[in-house]
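Me: I should like to understand the terms used for the surroundings of a ligand and for pockets. Please set each value against its definition.

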Amino acid sequence: MLALRDVTKTFGARVAVDHVSLTVARGTTRILLGSSGSGKSTILRLILGLLRPDHGEISVDGGMGYVVQEGALYPHLTARQNATLPARAQKWSTARMAERLDVLAKLVALDPDLLDLYPAELSGGQRQRVGLARALMLDPPVLLLDEPLGALDPISRAELQTHLVAIFRELGKTVLFVTHDVREAFLFGSTITLLDNGRVVQEGTFEDLARRPAERYVAEFLRAQVPPPDMTAYL
Ligand SMILES: Nc1ncnc2c1ncn2[C@@H]1O[C@H](COP(=O)(O)OP(=O)(O)O)[C@@H](O)[C@H]1O
Ligand SMILES: [Mg+2]
């Protein structure tokens with residue numbers, strides 16, 4: 001389980017996270033949705049312990065894997081070296097790391113031939129798969145993903161979106177998935193927490209938010225990303 005209780009974080013006069021309470025039950029995926037600057041990354045950094053809250057409590061049961069936009073791979077290390085980094089820190093044997101990476105490459109659908117290439121030689125989607133393999137290396141019960149697909153082209157993005165939903169379900173991880181993309185939030189089909197200015201505006205399924213918006217902002221946020229009907233008519 002992952003829980004925030006009445007968490008507040010300010011930077012000077014700026015309230016980045018404003019009395020946020022949030023519980024993600026073990027083995028479930030939660031979508032943290034909000035526009036740029038709404039406090040999503042700050043919440044992840046608080047959970048990771050990279051920042052301390054001014055107020056409130058955070059509890060996480062077990063280790064965490066973390067994936068950010070662009071995969072954040074080291075450019076001078078190969079895909080294999082990047083993915084096995086957490087295992088190397090734990091002094092795993094080469095054989096054990098190779099065996100684990102074999103399993104993970106299959107899971108994230110990464111061609112094993114790509115493992116000896118450097119990040120610059122991989123596509124954005126391939127880099128994200130390496131980043132995901134790295135986050136899963138030590139099999140942490142909790143996964144935190146900060147707009148992991150944000151930098152991808154629409155085709156790789158749609159491919160990975162569907163794949164991730166299947167992976168999370170299969171592994172039974174507790175997942176907090178950050179996005180600003182309403183379509184992505186809808187596709188995951190999980191409970192959504194919508195943030196605005198560091199504050200939780202509404203929590204519920206996509207249907208709850210769309211049908212019973214808690215505030216005018218909810219409807220505005222959802223509608224702002226709907227493609228115009230005269231556009232979808234062509235598709
Ligand atoms: N280290 C920091 N110092 C000062 N302000 C920050 C810092 N990190 C985030 N902020 C501010 O906190 C707010 C929330 O930022 P962030 O959590 O990055 O939003 P999001 O990830 O939703 O785009 C923004 O106004 C941002 O400028
Ligand atoms: Mg962010």
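**Pockets and ligand surroundings**

Reply: In this predicted model, strand 5 (64-68) and helix 4 (124-136) each give at least two residues to the lining of the second largest pocket. Strand 5 contributes the most, with 5 residues. The volume of this pocket is about 230 Å³. Among its 15 lining residues, Met-64, Gly-65, Tyr-66, Pro-86 and Ala-135 are the closest to the centre.

Me: Why is the link between ligand 1 and the side chain of Lys-40 called a polar contact?

Reply: A polar contact requires a pair of N or O atoms within 3.5 Å. An oxygen atom of ligand 1 is 2.8 Å from an N or O atom in the side chain of Lys-40, so the pair is a polar contact.

Me: How do you know that the backbone of Gly-39 also makes a polar contact with ligand 1?

Reply: A polar backbone atom of Gly-39 is 3.1 Å from an oxygen atom of ligand 1. The cut-off is 3.5 Å, therefore this pair also counts as a polar contact. For Ser-38 the corresponding distance, again from a polar backbone atom to an oxygen atom of ligand 1, is 3.2 Å, so the conclusion holds there too.

Me: What makes Arg-14 and Phe-11 count differently in the shell around ligand 1?

Reply: Both Phe-11 and Arg-14 are among the residues around ligand 1. Arg counts as charged and Phe as nonpolar, so Arg-14 and Phe-11 fall into separate classes. The shell has 2 nonpolar, 7 polar and 3 charged residues.

Notes: Residues numbered from 1 in each chain as written. Chains lettered and ligands numbered in written order. Predicted model: local features only at pLDDT ≥ 70, side-chain atom pairs only at ≥ 80, totals over all residues. Heavy atoms only, no water. Near = heavy atom within 4 Å. Polar contact = N/O pair within 3.5 Å; in protein donor to acceptor, adjacent residues only side chain to side chain. 1 Å grid on protein atoms, 1.4 Å probe; cavity = no way out; pocket = protein on both sides within 12 Å on 5 of 7 lines; lining within 4 Å. Points joined across faces, edges and corners; volume = space filled by probe spheres on them. Helix = DSSP H or I, 4+ residues; strand = E, 2+ residues; numbered from the N terminus.
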